[in-house]
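Hi there,

Here is the structure I promised to send over. Have a look at it first, and then read on for my notes.

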Amino acid sequence: MMNTSRRAFFKTFLSAGAALAVSGTVGQTRQADASTQGQIKGVCLFVPTLGKATDFVDLMNKNARGDWTVHPLTGSLTDNYFTTRSLYEDAKGTANTFVGVVDPATFAIVHEAIVDCSGCFHYITYEDRNRVTFSVQL
């Protein structure tokens, strides 16, 4: 009998806490700043030889309208490192979004370039074994 009343108490207590938590967060929702059309000023990196990279760029331009600059990474891995580093440094002062779709080898170089500039990532998604999408904090 004692265990049943304890369970009922905690069940009621946790339900009330969950209800308060939900009611507290509902009033705090707002539209994301970058979702308003024209507020995105972004940089997109991609590897042109990657099968669906151009599809990603087209989808990004269509669904995330704003002012995008698109940079293909076409050189050697060393060239890609310095290109990424330069683009990231420039983007920190002028852009609010930095994304890309690359292969895993190029991503290792892009990751090092961003981290070497004290950058960090919002997300990294391995969509398949040959394709990595990412977003970097600016």
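Let me start with helix H3, whose buried residues are Asn80, Tyr81, Thr84, Leu87, Tyr88 and Ala91. They span an arc of only 145 degrees around the axis, which places them on the same side of H3. The face turned away from that buried side carries the exposed residues Phe82, Gly93 and Thr94. Please keep in mind throughout that this is a predicted model.

As for its dimensions, H3 runs over residues 77-94, 18 residues in total. From first C-alpha to last it reaches 25 Å, close to the 26 Å expected at 1.5 Å a residue.

What do the buried residues of H3 pack against? Their partners are four strands, namely S1 (40-46), S2 (66-72), S3 (97-102) and S5 (131-136), together with helix H4 (104-116).

The pairing with H4 deserves a closer look. Two packed helices are described by the angle between their axes and the distance between the axes. Here the axes of H3 and H4 come within 8 Å and cross at roughly 40 degrees. The two helices are therefore oblique to each other, and their crossing is right-handed. On the H3 side, the residues involved are Leu77, Asn80, Tyr81, Thr84, Arg85 and Tyr88. They meet Ala105, Thr106, Ile109, Val110, Glu112, Ala113, Ile114 and Asp116 in H4. Among these H3 residues, Asn80, Tyr81, Thr84 and Tyr88 also belong to the buried set listed above.

Stepping back to the whole chain, you will find four helices and five strands, following the pattern α-β-α-β-α-β-α-β-β along the sequence. Of the 138 residues, 30% are buried. If you take the contacts between residues at least 6 apart in sequence, 72% of them join residues at least 24 apart.

One last spot to visit is proline 48, in the loop between S1 and helix H2 (53-63). Its relative accessibility is 35%, so proline 48 counts as partly exposed. Which residues does proline 48 contact, leaving aside its neighbours within four places in sequence? Those are Pro72, Leu73 and Thr74. Proline 48 also lies 9.5 Å from histidine 71, C-alpha to C-alpha, with their positions 23 residues apart in sequence numbering.

Do write back if you would like to go through any of this together.

Best wishes

Conventions: Residues numbered from 1 in each chain as written. Predicted model: local features only at pLDDT ≥ 70, side-chain atom pairs only at ≥ 80, totals over all residues. Heavy atoms only, no water. Expected span 1.5 Å × (residues − 1). Buried < 20%, exposed > 50% of the residue type's maximum accessible area, 1.4 Å probe, protein only. Arc of directions from axis to C-beta. Contact = heavy atoms within 4.5 Å. Axes fitted to C-alpha atoms, helices over the stretch in contact; angles between N-to-C directions. Parallel < 35°, antiparallel > 145°, perpendicular 65-115°, else oblique. Left-handed = near helix turned anticlockwise from the far one by under 90°.
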